[in-house]
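Student: Please take me on a close look at one part, the site of the ligand. I am new to this, so do lead me outward from there step by step.

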Amino acid sequence: MAFNVSDIRKDFPILQREVNGKPLVYLDNAATTQKPRQVINSIVDYYSGYNANIHRGVHTLSQEATDAYEAARGIIQQHFNVEKPSEVIFTSGTTHSINLVANGFESILQTGDEIVVSALEHHSNIVPWQMLCERTGAILKVIPMNEEGELVLPEFKNILSARTKLVFVNHISNALGTINPIEEIIAMAHEKGAAVLIDGAQACCHLKPDLQKLDVDFYTTSAHKMCGPTGVGILYGKEAWLQKLPPYQGGGEMISEVTFEKTTYAELPHKFEAGTPNIAGGIAFGAAIDYLNAIGFEQIEKHENELLFYATKELLKIDGLRIYGTAARKTSVISFNLSGIHPYDVGTILDKMGIAVRTGHHCAQPIMDYYKIPGTVRASFAFYNTLEEVNRLVDGVKKAKLMLS
Ligand SMILES: *Cc1c(COP(=O)(O)O)cnc(C)c1O
C-alpha cells in the first residue's frame with residue numbers, strides 16, 4: 001500500500017475541524033495522538049454490540065467481550081514480539097506500569113542498593129523511584145545528558161556497579177525527541193546483573209520495538225500516544241520477573257482462592273489485573289495497533305523524518321530561534337525558543353492561528369534546568385501531518401516573532 005497522507009487524514013475526523021476560524025494544525029502529538037475512525041468505531045461497536053464484564057460470565061456477551069479483549073492482548077503480544085500473552089499486562093498507562101514495577105521492587109531492594117535513571121526522564125519516571133528510595137533506603141543515580149540532549153554513556157558505565165539493581169530509561173525523550181541507545185544500555189546493565197525497564201510511551205507511534213530481541217526486562221507504553229484511547233496501556237515483563245514481583249493491587253480478577261486465612265493469587269497476567277479493566281480501551285488499543293501496522297512503520301518513519309528534516313531547516317532560518325535537542329538520532333519532535341520571548345506567548349499566538357503546540361517544561365523540568373530555560377515551544381509531528389502544515393507553523397512562528405519583539 002502506497003503511503004498517501006491525504007487519504008490517511010480522512011481517517012481522522014478531528015483533522016477536518018477548524019480552530020479559531022482556521023483549519024486545525026495539530027502538532028501536539030507527543031502529548032497525545034489523534035484517533036482514526038477505525039479506533040473510534042471499535043469503541044462504539046463494543047458498547048453498542050457486546051458490552052459485558054469479562055472472564056467470569058458464561059453468557060454470550062461476556063464470552064464475546066472476553067474473546068475480543070484477549071484477542072487485543074494477542075495483537076499487542078505479536079506486535080512487540082513478546083513470547084507469551086501472559087507477559088503482557090494491561091494497565092491504565094505508562095504511569096501505572098511504572099508504579100507497578102516500583103512497588104514490586106520494594107520487596108527486592110535493600111539499603112544501599114542503587115537505581116539508575118536518566119537525565120532525560122519524564123516526571124512520571126522520576127517521582128516513583130524517589131518514593132521507592134525513601135521507603136527502601138536505596139540510592140537514586142542519574143545518567144547525565146550533554147548539550148545535544150544525548151545521554152553520556154561513558155558516565156553511565158562509571159555509575160553502574162554490583163549495587164545497581166534497576167536501570168530506568170525512556171526509549172525516546174518526550175521533551176527533545178532523542179532516541180536513546182537502549183540496546184547498549186540494556187547490554188551494559190545486564191553485564192552488572194541489573195534489570196532494565198524502558199519507558200516506550202514516546203516511542204511506539206514512531207517505531208516498532210522487538211522486545212525479545214532487545215532482551216529488555218520490562219517495557220511499557222500508553223495506547224493514547226499510538227492512536228488508541230486514553231486510560232489504557234501495557235506493561236511487558238519477562239515471565240520470571242513477573243513471577244517474582246508481588247501483586248500491586250488487591251481485588252477481583254487477581255485472586256485464585258480467597259479465605260479469611262489466606263488468599264492465593266491468580267496466574268499471570270491476572271495477578272496484576274485487579275478489578276474490571278478498561279475493556280473497551282483494551283479492544284481499541286488492539287485496533288490502533290492494527291491501524292498503524294496497516295500503514296507500516298517503515299512508511300511512518302520515512303514520512304516523519306521528512307517532516308522533521310524540513311521543519312528543522314525552515315525554523316532555523318528564523319533569526320534568534322534556537323532548537324533544543326539536536327541528537328544524531330532523534331524523532332519528529334522539535335523543542336525551540338525565540339530569543340527573549342516566553343514560550344507561552346508564542347504558543348498562545350499560534351493557537352489563534354489554529355496551530356496546536358505544547359509550551360512549558362513538558363513534564364521534564366530537569367532538562368529545562370540543564371538548559372537554564374523555563375520551558376520551550378514543542379512541535380511534535382505524527383505520520384498524518386503534512387509539509388504544508390510545517391509551512392503554516394513556520395509562518396506562524398514568524399508572525400509571533402514580529403508581534404512579540
Ligand atoms: C506521556 C509519557 C509518559 C506518561 O504516560 P501516561 O500515559 O500519562 O501515563 C511517560 N513517559 C513518557 C516518555 C511520556 O511521553
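Tutor: A residue is taken as near the ligand if one of its heavy atoms lies within 4 Å of it. By that rule, the residues around the ligand are Thr94, Thr95, His122, Ser124, Asn174, Asp199, Ala201, Gln202, Ser222, His224 and Lys225. Before we go on, please note that this is a predicted model, where local features need pLDDT of at least 70 and side-chain atom pairs count only at pLDDT 80 or more, while totals for chains, interfaces and linings use all residues. Residues are numbered from 1 along each chain as its sequence is written, and side-chain values use heavy atoms, with hydrogens and water left out.

What kind of shell do these residues make? It holds one nonpolar, eight polar and two charged residues; here Ala, Val, Leu, Ile, Met, Phe, Trp, Tyr, Cys and Pro count as nonpolar, Asp, Glu, Lys and Arg as charged, and the others, Gly among them, as polar.

Now look for polar contacts, which for the ligand are pairs of N or O atoms within 3.5 Å. Thr95 has a polar side-chain atom 2.6 Å from an oxygen atom of the ligand. For Gln202, too, a polar side-chain atom is 2.6 Å from a ligand oxygen. With Thr94 the partner is a polar backbone atom, 3.5 Å from an oxygen of the ligand. On its own the ligand has 380 Å² of accessible area, and the protein covers 86% of this (areas by the Shrake-Rupley method with a 1.4 Å probe).

Let's step outward to the sheet. Helices (H or I, at least four residues) and strands (E, at least two) are DSSP runs numbered from the N terminus, and two strands pair if DSSP finds at least two bridges between them. Seven strands make an open sheet with mixed pairing, in the order S4-S10-S9-S8-S7-S5-S6. At its edges stand S4 (88-91) and S6 (139-143); each has a single partner strand, so one side of each lacks a neighbour in the sheet. On average, neighbouring strands are turned by 20° against each other, direction ignored. Angles like this are taken between lines fitted to C-alpha atoms, for helices over the stretch in contact, and run from 0 to 180 degrees between N-to-C directions.

At one edge, S4 pairs with S10 (233-237) in the antiparallel sense over four bridges. You can pick out Ile89, whose bridge partner in S10 is Leu235.

Helices pack on this sheet, where contact means heavy atoms within 4.5 Å. Helix H4 (94-105) touches S4, S7 (164-170), S8 (195-199), S9 (218-222) and S10, and its direction makes about 150° with that of S9. Thr94 and Thr95, which we met around the ligand, belong to H4. Helix H5 (123-136) touches S5 (114-118), S6, S7 and S8, and makes about 165° with the direction of S5. Ser124, another residue around the ligand, is part of H5. The strands contribute as well: Asp199 lies in S8 and Ser222 in S9.

One last detail leads up to S9. Asp215 sits in the loop between helix H8 (211-214) and S9, and its phi is near 60°, a positive value in a residue other than glycine. Most residues other than glycine have a negative phi, and most peptide bonds are trans. A peptide bond that departs from this is the one from Leu268 to Pro269, which is cis, with omega near 0°.

Technical notes. Polar contact = N/O pair within 3.5 Å; in protein donor to acceptor, adjacent residues only side chain to side chain.
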